[in-house]
Structure formats: C-alpha cells, structure tokens
Amino acid sequence: MMNIKQLVLASHNAGKLKELQAMLGDSVQLRSIGEWSKVEPEETGLSFVENAILKARNAARISGLPALADDSGLAVDFLGGAPGIYSARYADGQGDAANNAKLLDALKDVPQAERGAQFVCVLALVRHADDPLPILCEGLWHGRILTAASGEHGFGYDPLFWVPERDCSSAELSPADKNQISHRARAMDLLRQRLGLK
Ligand SMILES: O=c1nc[nH]c2c1ncn2[C@H]1C[C@H](O)[C@@H](COP(=O)(O)OP(=O)(O)OP(=O)(O)O)O1
Ligand SMILES: [Mg+2]
C-alpha cells in the first residue's frame, strides 16, 4: 500500500484527534483540518460510511493531503438505533452535556436489560479528494446506557456508556485502556492492517 507519513484528520473533535494519534503512534503524523479551515462540512449522508467519505474528501480537497475521517456515534437499542449518525446533533447542536441530558431523559424508567447500546466508528481514508477507492474500516463497541453520568475522561457520551468488560463507564477508563478496546480502537486496528502498519 502507500507509505503515509502525514495524514490530515478530517475532524474538528479534539477528543478524536488525541485518541487516533495515540493509536497510530509516532510513525504517522495526524494534522487537524482545523489548521486549514474552521468550516465544518454538512454531514448530509444517511450512513456513517457516507458521512466519513464526505468528510475525508472535503479535507483532502482543502489540504491537498491524504485525509482520514472518523464518523462515529451511539446506537441505542431501545431507541431503534438512535441517535446514530445524528449523535453529535441529538440536542440540536447544544453540545455533549445537552446530548447526554437528552439521552438520559429518553431512557428514563427504561430497565437495565433494555438499555443496550453500541458505539459505532467508521474510518475512511482517501489518498486524494476524488479517490475512487476509499479505505473503509468499522468498529463496534457494545455496552449499556447508565442512569447517571460517571467519570471524567474521554468525551461525548463516555460518561453514560457502561463497559461490561471493565464494569465501569467509558469515562472512568484510562485513555490508554479506552484506546485498547473502543469502537475507534477496533476500526483503527483494521486500518493499520490495511496500511501495512502492523
Ligand atoms: O469514543 C466516543 N466516546 C464518546 N462519544 C463518542 C465517541 N465516539 C463518538 N462519540 C459521539 C460524539 C458525538 O456526539 C458523535 C460523533 O459525531 P461525529 O459527527 O462523528 O463527530 P464530531 O461532530 O464530534 O466531529 P467531526 O464530525 O468533526 O469528526 O458520537
Ligand atoms: Mg460531526
């Protein structure tokens, strides 16, 4: 495959940048698209894959460099997979705290056994803006939605996501531990294989 030293990350989310750079290690430098533009493309796709490709192409076009995008979200069983691709916009763009409050409210009085959920991550890598063959890798992480927020690490819905294999919330995991087992870690594992980085 290609020999990548520098990649643009098609994301304005600092939490993603930190996690993905830690997973990639020193051999590949991730640069945020924020260095070029503060404008976020509209996520008009109907799937994680479509939005990831759309963000990657946009970043490659703006930067002239190969671009990696992460489209991710939380699919809650009781809500039929919502908020899904709309996770970041669940509370109409009011941010993580409002999203979490809305989710807790939507699951008020829902018993433990029906609070299953999965984090989804799709990574898309394009070599240039019009790349006809984007590399796509996905990862899932199964857990449950807690009844109250817990933990200070991570970002987004982490304080509400109970991790069965650790018996704590995702925001209570150390960053290094989350980066071993998360949806993003699984997707990145596949990407590193595809790139011949492992
Ligand atoms: O590990 C995670 N831990 C907690 N929450 C997470 C995680 N991974 C995704 N999420 C949530 C955050 C946001 O509500 C949505 C992603 O939305 P998504 O559009 O992909 O990202 P974003 O708008 O924050 O940044 P950008 O589009 O610039 O990459 O899912
Ligand atoms: Mg987004």
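Tutor: A residue is called exposed if 12 or fewer other C-beta atoms lie within 10 Å of its own, and buried if there are 20 or more. Keep that handy, and remember that this model is predicted.

Student: Okay, so why is Glu-42 called exposed?

Tutor: Glu-42 has 9 other C-beta atoms within 10 Å. The cut-off for exposed is 12 or fewer, so with 9 Glu-42 counts as exposed. You'll find Glu-42 in the loop between strand E2 (29-32) and helix H2 (48-63).

Student: And Asp-71, what makes that one buried?

Tutor: Run the count again: Asp-71 has 27 other C-beta atoms within 10 Å. Buried starts at 20, so 27 puts Asp-71 in the buried class. Asp-71 sits in strand E3, which covers residues 67-76.

Student: Which residues does Asp-71 touch, leaving out those up to four places away in sequence?

Tutor: Phe-48, Asn-51, Ala-52, Lys-55 and Val-122. A contact needs C-beta atoms within 7 Å.

Student: What feature does UniProt place at Glu-42 and Asp-71?

Tutor: The record, an unreviewed entry, lists "binding site" at Glu-42 and Asp-71. The annotated positions spread over 30 residues of sequence, yet they cluster in space, with a largest C-alpha distance of 12.5 Å.

Student: Let's move to Glu-19. Why is Glu-19 counted as buried?

Tutor: Glu-19 has 22 C-beta neighbours inside 10 Å. The bar is 20 or more, so Glu-19 passes and is buried. Glu-19 belongs to helix H1, residues 14-24.

Student: How far apart are the C-alpha atoms of Glu-19 and Asn-179?

Tutor: Just 6.6 Å, although Glu-19 and Asn-179 are 160 residues apart along the chain. Glu-19 also touches Asn-179, along with Arg-184, if you skip residues up to four places away in sequence.

Student: What surrounds ligand 1?

Tutor: A shell of 22 residues, and the closest are Ser-11, Asn-13, Ser-72, Ala-88 and Gly-156. Strand E3 gives the most to that shell, with 5 residues.

Student: What makes Ala-88 nonpolar and Gly-156 polar in that scheme?

Tutor: Ala is on the nonpolar list, while Gly is placed among the polar residues, so the two names go into those classes. Across the shell around ligand 1, you get 5 nonpolar, 10 polar and 7 charged residues.

Student: How do you know how confident the predictor is?

Tutor: The protein averages a pLDDT of 97, and 99% of the residues score at least 70. That scale runs from 0 to 100. The model also scores ipTM 0.99 and pTM 0.97.

Technical notes:
Residues are numbered from 1 along each chain as its sequence is written. Chains are lettered from A and ligands numbered from 1 in the order in which they are written. This is a predicted model: local features need pLDDT of at least 70, side-chain atom pairs count only at pLDDT 80 or more; totals for chains, interfaces and linings use all residues. Helices (H or I, at least four residues) and strands (E, at least two) are DSSP runs, numbered from the N terminus. Two residues are in contact if their C-beta atoms, placed from the backbone, lie within 7 Å. UniProt positions are given in the numbering used here, feature names are shortened, and annotations may be inferred rather than shown by experiment. A residue is near a molecule or strand if its C-beta atom, placed from the backbone, lies within 6 Å of it.
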